[in-house]
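Work through the following exercises with the sequence and the model open beside you. Try each task on your own before you read its solution.

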Amino acid sequence: MAGYLLKRLGGAVVVLFLTALLLAAAVHIVPGDPARAVLGAHATPELIAQMRAKMGLDRPVVEQLWDFFSRLIRGDLGTDFVGGTPVTTLIAQVLPDTLALALASMILAVAGGIPLGIAVSRRPGGVLDRLTHALSMIFVSAPVYVTSLILLLIFAVKLRFLPAVGAGQFSDPGNYLLRLILPATALAVFWWGYLPRILRATMLDVLGSQYIRSARAFGFRENVIFYRYALRNAVLPIIALFGLMVGYSLTGTVFAETVFGRSGLGTLALSAIDQRNWPVIRGVVFTYALFFIIANILADLSYRVLDPRVRLSEEFETGV
């Protein structure tokens, strides 16, 4: 386990380095002058030269890359070109809202997807199974912004059940949770279509395995076989999807926050892109990459802890 963890951490460091390298070089790859984009089309050449010096774009590219990496190692993501605020401060202000939205969407996804997958696995080919199969195609193919707009129009504009825009304040948890329902649901809809199909497929595969047939031969009750033996192994692939779920939920917040007018990393990134504010863009993308890598490492480690077959396979290969 320790060797695998070191290998994964080494791979994570390499990925983060390549991500940081791409972000540092992006300002020179993307067409257009960032200084002119910040100052506007009517800026004088003198102002543009001053802004380029302020941005550090007048220095050699290698020196710019070295400055970026040296700051990054110290946890300094740079300074906002427009407002002069440290990027870490901007991210810290909006990160709690994005994490709350992502976490709420994952809770809704698991709370709805797993029970539905269990239900269709109990009666494969039944009415619920066929209905879920049809709906899953719609849920999986629907983009987050489309789902967000539909939920907004139905439940906030037409029925007026829930607030339309805004994130609320943590000081008022009731109102904050109420404003989380629609955007979190918009992000969870994809997983309501995906998780039941995955769980159904793995569940049917497990129910046809040799040890399940042996349990039936020994006279175990069907509910005991289903919930105690089959479901435990069928849920394991869902754990492996945790990293993908975190990545989807975090990146999906870009659309959900925009549609529902919430503060967060997504709206911060879109505002920075519109202003060509490269330090903020770099900081947000690097934060997304960091959370995605951490989530994947945790998912891999959890899978190996919960499934002894993986550990035994690794030990056998190491021994061979």
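**Exercise 1.** Determine how many salt bridges and how many residue pairs in polar contact are found between domain 1 and domain 2.

*Solution.* Begin with the charged pairs: in this predicted model, the count of salt bridges between domain 1 and domain 2 is zero. Then turn to the polar contacts, where the count between the two domains is one residue pair, with both residues at pLDDT 80 or more. Next, look at which elements build the side of domain 1 that touches domain 2: helix H1 (2-29), helix H2 (34-39) and helix H4 (61-73) each supply at least two residues to that side. Among the contributors, H1 gives the most, with 13 residues. Finally, sort the residues of this side by kind, which yields 19 nonpolar, two polar and two charged.

**Exercise 2.** Describe how the two domains are laid out along the chain and how much area they bury between them.

*Solution.* First read off the bounds, since the domain assignment places domain 1 at residues 1-74 and domain 2 at residues 87-306. The centres of the two domains, taken over C-alpha atoms, are separated by 32 Å. Now consider the contacts, in which 23 residues of domain 1 meet 15 residues of domain 2. The size of an interface is often expressed as the accessible area that is lost when the parts come together. Here domain 1 and domain 2 bury about 1,700 Å² between them, and 77% of this area lies on carbon and sulfur atoms.

**Exercise 3.** Decide whether Ser 121 is buried or exposed, and describe its surroundings.

*Solution.* Start by locating the residue: Ser 121 is part of helix H5, which covers residues 87-122. Ser 121 has a relative accessible area of 3%, and because buried means under 20%, this residue counts as buried. As a next step, follow the side chain of Ser 121, which reaches the backbone oxygen of Gly 117 at 2.6 Å. Leaving aside residues up to four places away in sequence, Ser 121 touches Leu 199, Arg 200, Met 203, Leu 204 and Phe 226.

**Exercise 4.** Characterise the chain as a whole by its secondary structure, its extent and its contacts.

*Solution.* Count the elements of secondary structure to obtain 15 helices and zero strands. Then take the extent along the principal axes, where the C-alpha atoms fill a box of roughly 85 × 65 × 35 Å. Of the 320 residues of the chain, 41% count as buried. Lastly, among contacts with a separation of 6 or more, 73% join residues 24 or more positions apart.

How values were computed
Residues numbered from 1 in each chain as written. Predicted model: local features only at pLDDT ≥ 70, side-chain atom pairs only at ≥ 80, totals over all residues. Heavy atoms only, no water. Helix = DSSP H or I, 4+ residues; strand = E, 2+ residues; numbered from the N terminus. Buried < 20%, exposed > 50% of the residue type's maximum accessible area, 1.4 Å probe, protein only. Polar contact = N/O pair within 3.5 Å; in protein donor to acceptor, adjacent residues only side chain to side chain. Contact = heavy atoms within 4.5 Å. Domains from an automatic or database assignment. Buried area = accessible area lost by both parts, 1.4 Å probe. Salt bridge = Lys/Arg side-chain N within 4 Å of Asp/Glu carboxyl O. Nonpolar A, V, L, I, M, F, W, Y, C, P; charged D, E, K, R; others polar.
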